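This report looks at how aromatic side chains are arranged in a protein chain, and it is best read with the sequence and the structure at hand.

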Amino acid sequence: MSLGKLRSRKRLDWIRLAFILQFRGSLSLEQLTWTFNEMFKNGKTNREVARIMLCYSRYGFNQLQESKIKLYNFNGQLPDLHSRTIERWIEKIESL
């Protein structure tokens with residue numbers, strides 16, 4: 001894989017996380033990481049996912065404190081995505 005493709009994949013991670021949170025609602029970090037890794041065949045750790053959301057918090061990622069569990073949600077707007085991409089992501093997330 002070329003360095004350019006690797007960088008562009010990393011740039012898309014925040015969009016993928018935002019999509020999951022918009023589709024599923026508020027999730028814990030463990031649930032979000034599991035869903036992300038299952039949908040996109042990744043091996044990201046909880047720390048890496050939390051770092052992505054922190055870096056892109058200006059786009060609408062929020063952390064909620066519910067008793068002892070921290071929940072994350074997305075209140076921003078996703079950039080325009082190709083309709084086939086959205087359909088494919090919905091198929092993947094519904095199969096989980």
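## A pair within one helix

In this predicted model, Phe19 and Phe23 are both found in helix H1, where they are four residues apart, or about one turn of the helix. Their rings form a stacked aromatic pair, with 6.0 Å from centre to centre and 20 degrees between the planes.

The two residues can also be described by their accessibility. Phe19 has a relative accessibility of 7% and counts as buried, because the cut-off for that class is under 20%, whereas Phe23 is partly exposed, with a relative accessible area of 38%.

## The cluster and a charge over a ring

Phe19 and Phe23 belong to one aromatic cluster, which they form together with Phe36, Phe40 and Trp89. One member of this cluster, Phe40, has Arg16 lying over the face of its ring, at 4.6 Å from the ring centre.

## A pair between distant parts of the chain

By the ring-centre rule, the count of aromatic pairs comes to eight. Among them is the pair of Trp14 and Tyr56, whose ring centres are 5.7 Å apart and whose planes meet at 15 degrees, so the pair is stacked, since planes under 30 degrees apart are classed in that way.

This pair links distant parts of the chain, as the residues are 42 apart: Trp14 is in helix H1 (residues 3-24), while Tyr56 is in the loop between helix H3 (46-55) and strand S2 (61-66). With a relative accessibility of 9%, Trp14 counts as buried.

Note on methods:
Residues are numbered from 1 along each chain as its sequence is written. This is a predicted model: local features need pLDDT of at least 70, side-chain atom pairs count only at pLDDT 80 or more; totals for chains, interfaces and linings use all residues. Side-chain values use heavy atoms; hydrogens and water are left out. Rings of Phe, Tyr and Trp (its six-membered ring) pair if their centres lie within 6.5 Å; planes under 30 degrees apart count as stacked, over 60 as edge-to-face and the rest as tilted. Helices (H or I, at least four residues) and strands (E, at least two) are DSSP runs, numbered from the N terminus. Buried means under 20% relative accessible area, exposed over 50%, partly exposed in between (1.4 Å probe, protein chains only). A charge sits over a ring if NZ of Lys or CZ of Arg is within 6 Å of the ring centre and within 35 degrees of the ring normal.
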